[in-house]
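Reader: Could you take me on a close look at the empty space in this structure? I'd like to hear what lines it and which parts of the chains are involved.

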Amino acid sequence: MKLLSIIFFLLLGTFGATAQEAGDKLIGLWEPSNGKARVKIEKIGSKYYGKIVWLREPLDPTTKAAKLDKNNPDESMRSVPLKGYRMLKDFTFNGTEWTDGTIYDPESGSTYSSVIKAKDENTLDIRGYVGVKALGRSDVWKRVQVKQ
Amino acid sequence: MRVLLFLLLLPTLIFLSCSGESKVLVFTTPEITLQADGPLLEGSNTAQGNFKSTLADFLKTNGSSLDKVSEATLSAATLMLPDSMNSSLLSEITLQLAADQVDMQKVGVLNPVPEGQTKLTLNIAKEQEKIGKILQQADMTFVADVNIKKDTANSLPIKGIFEFKITIK
């Protein structure tokens with residue numbers, strides 16, 4: 001009986017580690033289909049977050065300075081630079097997809113509920129929606145290979 | 001008659017429900033290290049520091065408890081850079097709070113970072129949500145997104161002291 005318990009807990013530990021490894025496949029550098037930005041996804045605590053680390057057009061055409069989050073609904077946060085902006089927040093891995101997160105659209109200042117599915121190792125399907133998932137919009141992101 | 005009585009009593013009921021006294025306490029964290037492990041590349045890097053919340057103990061010593069917290073906001077954030085590094089390496093800092101059961105909240109920013117300083121005071125967000133809920137978690141994480149101007153092989157340990165205003169009902 002003792003042996004059975006040990007085997008059970010060992011299997012449980014292995015399953016937990018595997019699920020965590022599968023979830024961590026989201027970590028890395030990704031590019032949305034419009035190619036305007038690159039987003040680095042990392043893990044903080046048990047959740048996944050993504051921030052903009054590269055912009056094709058980093059400067060504001062009007063001010064000629066670095067682009068800021070000028071559409072943020074909170075006026076006091078409009079001096080936050082877009083490069084470095086954490087646009088994917090609070091995703092948790094449920095074994096098959098990353099859910100319960102949000103995606104921020106800096107062009108409109110709107111935040112949407114979001115779910116991420118991995119099509120394969122290097123392709124993500126990111127869906128943003130308000131209320132009903134079926135009524136949302138999806139985008140395909142490709143992994144950016146980092147040169148060593 | 002019953003409706004009339006209700007309408008007459010309504011202002012009294014509203015007055016009574018609004019007159020419950022509330023008090024504001026200031027809760028200051030100990031020094032927390034937010035670490036970004038090097039080598040760090042030019043651009044945005046993440047420095048993070050875990051904090052096991054001591055709010056419950058703080059409230060207890062002030063004759064209150066977590067269930068009596070009606071609102072909480074971050075009111076001040078001071079970051080100290082290591083002596084070997086001044087702020088000239090940094091261009092912007094954004095501060096966020098994260099916890100497992102609550103979504104991450106942006107609470108402060110410093111853009112641009114003033115040059116040649118080792119002690120930085122962040123501008124605090126006017127609109128803050130769910131800070132009380134984050135503070136009530138056993139574990140929370142202070143996350144600083146730090147934009148650096150050039151690559152460095154070193155790690156960046158930033159020490160931070162954070163002050164919260166806690167409203168008790």
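Author: Here's a walk through the cavity and then the pocket. Keep in mind that this is a predicted model.

Let's start with the enclosed space. Searching the whole structure for cavities of 30 Å³ or more turns up one, and the volume inside is about 80 Å³. Its lining is made of 15 residues, and both chains show up among those closest to the centre: Pro81(A), Lys83(A) and Gly84(A) come from one chain, Thr94(B) and Asp145(B) from the other. If you're browsing by secondary structure, go to chain B, where strand S5 (90-99) and strand S9 (139-148) each put at least two residues into this lining. S5(B) is the top contributor, with four residues. As for chemistry, the cavity lining splits into five nonpolar, five polar and five charged residues.

Now for the open space. The largest pocket holds about 1000 Å³, and 40 residues line it. Look around Asn34(A), Met87(A), Asp105(A), Pro106(A) and Glu107(A) to find its middle, since these are the lining residues nearest the pocket's centre. Several strands of chain A give two or more residues to this lining: S2 (37-44), S3 (47-55), S5 (98-105), S7 (123-129) and S8 (137-143). Sorted by class, the pocket lining has 19 nonpolar residues, 13 charged ones and eight polar ones.

So much for the pocket; if you go back to the cavity, the strands to pick out are S5 and S9 of chain B.

Notes
Residues are numbered from 1 along each chain as its sequence is written. Chains are lettered from A and ligands numbered from 1 in the order in which they are written. This is a predicted model: local features need pLDDT of at least 70, side-chain atom pairs count only at pLDDT 80 or more; totals for chains, interfaces and linings use all residues. Side-chain values use heavy atoms; hydrogens and water are left out. On a 1 Å grid over the protein atoms alone, a cavity is a set of points where a 1.4 Å probe fits but cannot get out, and a pocket is an open set with protein on both sides within 12 Å along at least five of seven lines; lining residues have an atom within 4 Å of a point. Grid points are joined across faces, edges and corners, and a volume is the space filled by probe spheres set on the points. Ala, Val, Leu, Ile, Met, Phe, Trp, Tyr, Cys and Pro count as nonpolar, Asp, Glu, Lys and Arg as charged, and the others, Gly among them, as polar.
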